[in-house]
Amino acid sequence: MSDATTPATNADWEDVDDVSWTLLDREELVDAYWAVVAPAMEADGLDPDQEKPTHSWLRDHDFRPLLYALREHHDVTFGEFWTTDLGLEAEATGYDWATDHDRTIEALESFLTSRRERKGLADSSIDTLRYRLNRYVAAYCGENDTDDLVTAVARDGDVPAYKAVDACWAAFDRLHEDLNGGQTKRRIHLAVSNWYAHLVRRKWAAVNPADGLDEEFDWSNDTDDDADTPCLATEHVRALYQAADDQEDRLLVLALCAWGLRPNEVARLHTRQFVLDIAADEVPYISFEERKNGPGQVSLLYGREVLEDRLATFADHDDWDGYLFPSPHASGGPISRWTVWNRFSQLADRAGLPDEIDGVAPAPKMGRRYWYDAYSASLDVVLGSLDEIAAEQGSASADVVLQNYLSDSRARMLRREYMREQLAAAFEPSEE
């Protein structure tokens, strides 16, 4: 790397054995990468400024602890570290799969192409399917210490079927531990099982190791953590917002209750996710490349002013990394989901919220349940307003009018209008 852009390095790092990867913060990992990994790449004829080393190359050159440190201590993939922390750009080779194994990627893309062309799935459905498969790929690679998902099931391979099943099940044991929602786990399993079944039909694979796996887990009772979470009442949200005595806490309450985000999504909010420069008749939104159930967008129906104030606060900070809730530690990056929980608990105490809501201590995920409850109520109001139209037209119900006679954009506008009223009732001072 050129002298103008090469970061400072630690003179004590002469080879891989000198680096205690798990003890380094993100900035130190960057320094160690340029001090140790980059020279090893150059010795192998690779360009560290242009080429991203594969997981196999890193493991073969004893850099497995780097992968472990990124995954277990910093909750990022090597690909994310390579682009975000090292500031390098990947070649335009398509989706950033959690594996670099060409044959595995070919098998994954073959399945997605078949679903798109033969099943007629929309691009958004393909994105969600790809996301679920990639969650499995990442778990498989991490649990089995290999990028190769196809050799174990290959028709012409010599791997016993039980070992292929063991490797697949080990990946799902990891997913079962990492994920909260049973529905999410079932959806990932369905995507993975369908992928393996596709490979069997194509004669690429001899066995579907995910077949029957759902019978080994009790996912039917392992419900999403949002589903049975008690809901904050409007007065609870109002009390929280009034207790928020600074910009950061106000934004946190808005993100949880007015935008319906999960605690981990709030913690990692980044300025690049916000799309505010839109047409007058459109709604600003938050874009997520990856969410619990795939990519998506969240409409910003309320709280834009507080958001813009927050962005303006950091506008002149040369060292700002773009996170709306930056970590106070020197290593930078965002706060953790547990910090969101702690700050919410402190707000709940200051706001005088009850010790329990429907038998459960106040928690940030109750803000997401409030959002869903408010949106459902808004839909009820829209349907109620259409009853008179339904009667005049002799329609069976307001649902018929909503589905058959209102355009999607008009129905969406009505729901958003009433949703804004619901949010205003919670966040704006009541006139007494």
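Buried means under 20% relative accessible area. The model used here is predicted.

**Exercise 1. Find which residues of α10 are buried, and state what follows for the helix.**

Step 1. Apply the cut-off of under 20%. Gln247, Glu248, Asp249, Leu251, Leu252, Val253, Leu254, Ala255, Leu256, Cys257 and Ala258 are buried in α10.

Step 2. That makes 11 of the 12 residues of α10, so the helix is largely enclosed by the rest of the structure.

**Exercise 2. Check the span of α10 against its number of residues.**

Step 1. The expected span is 1.5 Å times one less than the number of residues. For the 12 residues of α10 this gives 16 Å.

Step 2. The end C-alpha atoms of α10 are 15 Å apart, which agrees.

Step 3. Look at both ends. At the start of α10, a side-chain oxygen of Asp246 comes within 3.3 Å of the backbone nitrogen of Glu248. Just after α10, Gly260 has a positive phi of about 70 degrees.

**Exercise 3. Place α10 in the largest nonpolar core.**

Step 1. This core has 50 residues; Leu232, Trp259, Leu269 and Phe427 have the most contacts inside it.

Step 2. α10 gives the largest share, 8 residues.

Step 3. Another core, of 37 residues, lies apart; Val137 and Trp204 are among its members.

Step 4. Follow Trp259. Its contacts include Leu251, Leu254, Phe274 and Ile286.

**Exercise 4. Work out which strands stand at the sheet edges.**

Step 1. The open sheet has 3 strands, in the order β1-β2-β3, with antiparallel pairing.

Step 2. β1 and β3 each have a single partner strand, so one side of each is left without a neighbour in the sheet.

Step 3. β1 and β2 are joined by 2 bridges. Phe274 stands opposite Ile286 in β2.

Note on methods:
Residues numbered from 1 in each chain as written. Predicted model: local features only at pLDDT ≥ 70, side-chain atom pairs only at ≥ 80, totals over all residues. Heavy atoms only, no water. Pairing = 2+ DSSP bridges. Helix = DSSP H or I, 4+ residues; strand = E, 2+ residues; numbered from the N terminus. Core = buried A, V, L, I, M, F, W, Y, C linked by side-chain atoms within 4.5 Å. Buried < 20%, exposed > 50% of the residue type's maximum accessible area, 1.4 Å probe, protein only. Contact = heavy atoms within 4.5 Å. Polar contact = N/O pair within 3.5 Å; in protein donor to acceptor, adjacent residues only side chain to side chain. Lists of a residue's contacts leave out its neighbours within four places in sequence.
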